[in-house]
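Here's a quick tour of a protein model, taken one region at a time. Have a look at the structure below, then follow along with the notes.

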Amino acid sequence: MSTKIVIDPVTRVEGHLRVETTMDGNRVQSARCSGDMFRGLEKALKGYDARTAQQITQRVCGVCPYAHAETAALALEDAMGIRPEPNGQLLRNLTVGTYQIKDFLLHFYTLCALDFIDITAVLGYEGRDAGLQQVRGWVQQELANNKVFPAAPFLPRYEADYCTDQAANISAIKGYLDAIPIMADFHKMVAIFGGKSPHPVAIEAGGVTTPPTLDRIAHFRTLLATCAPFVREQYTQDVIAVAQAFPGYFREGRGYGNMLSYPYLPDANGDNFFFAGGVTIDGEYRALELDKITEDHTYAYYYDNSSPLLRPLQTDTLRPLSSVDFQAQQSRSDGKYSWGRAPRYDGLPMEVGPAARIINTYKSGTNSELNALVNRFNRQLDITIDDYASVMGRHLSRAILANLTLNHMERQLEMLQPGKPAFSEHPVPRNARGVGITEATRGSLSHYIETDSRGLIRNYEMIVPTTWNMSPRDGSGNQGPVEQMLQNTVVADAANPMELARIVRSTDPCIGCSVH
Ligand code: NFE
């Protein structure tokens, strides 16, 4: 008999996500992922000066605003037919790289470690670390007072197969605590050149409006040196320890294996990207062809009279359904079940994100530093590059990207040229179109802009990482990438569907971004 498991909302992710699985015994027969909130930011942009997109699109999200600032600037630069000043390009790389490493720490420690790490291990802690002693005190107090266990913020907790390695548990709990001031320092670094954090204001078409003065560079360098050891040692070791404790998760949540990534972190002239763009389909790496991207809305809460398969900037014709009753969604005659649309590449659902960036760059052979690090971890963990398309592969990918991005930032920081401009102003183009593509923390992000005869925004579209990963089915019946990852998963206890939560959270979904 088929039953259902509904997780609504999925916690420790950004935004409003509902996951529903139909079970065949204890195995997932099929899954549906729903973004439950309409936002409409693309429509809100219309009629504004094209330069405001940098600010307005950042309001899509509190976690990856920097990526929307960067991509909005790239789209407008494309429409202008310009590139940023070399100093501006480097400052942009440093700012988005910083933000991205901060995001990886946030995802691993704050959102995901508690899926694997046993917080109760702290009760057996006998050392002198003040933070761990404090957590032990909270937990003991909770137990003594009201038997609610464990203490916030280490919730929710399930009955699950947590890590049994006491040293690994204590290390990750300490990492959870120590990551907080490190993340604060990363935010300070974003603010040095970005002007503020979150939502940096200085990334504009033409470069970055905060010049790289010697004192700013020195401040940035000092903070980078403060944060780097935590990333290289504590974070990396904690991820490896979790990977060693849960080797089976290199085989869970594998999905389609189709990988999409955009070129990321160019040199000062905007060429020679550190991470390669491209697609891997059926195990084969190929060059990126942007015109193969479409968006399907067959199962999304929109209607229009045109094709269900639209190209970027054509989705302007879509109208949101005026009211959606989620309780009644099962019985909708049109089958629609999400505010998220379904981006496709050559008609295929694609996974985006850290694993896609690792797999595509590795297979492209363009980054020997990346290949060497991946090979080292592959030997240590007895895995192959194809195992990165998995729950644990995604966590490992983030740790590898954090290390490599850090190395690259240290090099690019020393290439800045104080005294030379970081920004140049250009007129807003009229009746122009542009596209910007980059890698956000959670994967491939593109913005498309079209201006009118006054240089105001006529049309704007964002195709966002979580829109790719968390997409609903399309008109050809293909389920979305995360839906595919969930299929066939065995759930030991339907009341504690930890296996499903681990798969979903491994993609670090952001539904605020996804639906935008
Ligand atoms: Ni709101 Fe975002 C990132 C973007 S996600 S977090 O990273 O773009 O889909």
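In strand S13, Ala 342 is the bridge partner of Asp 296. That pair belongs to a set of 4 bridges that join strand S9 (residues 293-296) to S13, with the two strands running antiparallel. Keep in mind that this is a predicted model.

**More on strand S13**

- Strand S13 covers residues 342-345, and both of its faces are covered.
- On one side you'll find Ala 342 and Arg 344, on the other Pro 343 and Tyr 345, and all of them are buried.

**The sheet of S6, S7 and S8**

- Three strands make an open sheet here, in the order S6-S7-S8, with antiparallel pairing.
- Which strands stand at the edges? They are strand S6 (259-261) and strand S8 (284-286); each has a single partner strand, so one side of each is left without a neighbour in the sheet.
- From one strand to the next, the twist averages 15 degrees.
- S6 is joined to S7 by 3 bridges, and these strands run antiparallel. In this pairing, Met 259 stands opposite Thr 280 in S7.
- Thr 280 also has a bridge partner in S8, namely Tyr 285.
- Another pair across S7 and S8 is Val 279, which stands opposite Arg 286. In total, 3 bridges join strand S7 (residues 278-281) to S8, again running antiparallel.
- The hairpin of S7 and S8 has 2 residues between the strands, and Asp 282 takes a positive phi near 55 degrees there.
- Are the residues of S7 buried or exposed? Gly 278 and Thr 280 on one side, and Val 279 and Ile 281 on the other, are all buried, so to speak with both faces of S7 covered.
- Helix H8 (residues 354-364) lies across S6, S7 and S8, and runs at about 85 degrees to S6.

**The sheet of S1, S2 and S3**

- Here's another open sheet of 3 strands, this one in the order S1-S2-S3, and the pairing is antiparallel.
- Strand S1 (2-7) and strand S3 (27-35) stand at the edges. Each has a single partner strand, which is why one side of each is left without a neighbour in the sheet.
- Neighbouring strands of this sheet are turned by 20 degrees against each other on average, direction ignored.
- Strand S2 (residues 17-24) and S3 run antiparallel and are joined by 8 bridges. If you want a pair to look for, Thr 22 stands opposite Ser 30 in S3.

**Helix H13 and Ser 506**

- Helix H13 (residues 498-506) lies across S1, S2 and S3, running at about 135 degrees to S2.
- Ser 506 is found in this helix, H13. With a relative accessibility of 0%, Ser 506 counts as buried.
- What does Ser 506 touch, leaving aside its neighbours within four places in sequence? Its contacts are His 107, Val 391, Arg 394, His 395 and Arg 398.

**The metal site**

- The ligand has a nickel atom and an iron atom, and 3.2 Å separate the two.
- Cys 61 (SG), Cys 510 (SG) and Cys 513 (SG) are the protein donors of the nickel atom, lying 2.2 to 2.4 Å from it. Along the chain, the donors follow the spacing C-x448-C-x2-C.
- The site of the nickel atom is tetrahedral, with angles of 104 to 113 degrees among its 4 donor atoms.
- Cys 510 and Cys 513 are both buried.
- For the iron atom of the ligand, the only protein donor is Cys 64 (SG), at 2.3 Å. You can find Cys 64 in the loop between helix H2 (53-56) and helix H3 (65-80).

**The nonpolar cores**

- The largest nonpolar core has 147 residues, and Leu 17, Phe 220, Tyr 235, Tyr 388, Leu 396, Ile 400 and Leu 486 touch the most other members.
- Helix H6 (residues 166-194) gives the most to this core, with 14 residues.
- Apart from this core lies another, of 12 residues, among them Leu 260, Tyr 262, Ile 281 and Leu 313.
- Not counting residues up to four places away in sequence, Phe 220 touches Leu 94, Thr 98, Met 189, Ile 192, Phe 193, Met 409 and Leu 413.

Technical notes
Residues numbered from 1 in each chain as written. Predicted model: local features only at pLDDT ≥ 70, side-chain atom pairs only at ≥ 80, totals over all residues. Heavy atoms only, no water. Donors = N, O, S within 2.8 Å, 3.2 Å for Na, K, Ca; no water. Core = buried A, V, L, I, M, F, W, Y, C linked by side-chain atoms within 4.5 Å. Buried < 20%, exposed > 50% of the residue type's maximum accessible area, 1.4 Å probe, protein only. Contact = heavy atoms within 4.5 Å. Pairing = 2+ DSSP bridges. Axes fitted to C-alpha atoms, helices over the stretch in contact; angles between N-to-C directions. Tetrahedral: all angles 85-135°; square planar, octahedral: opposite > 155°, others 65-115°.
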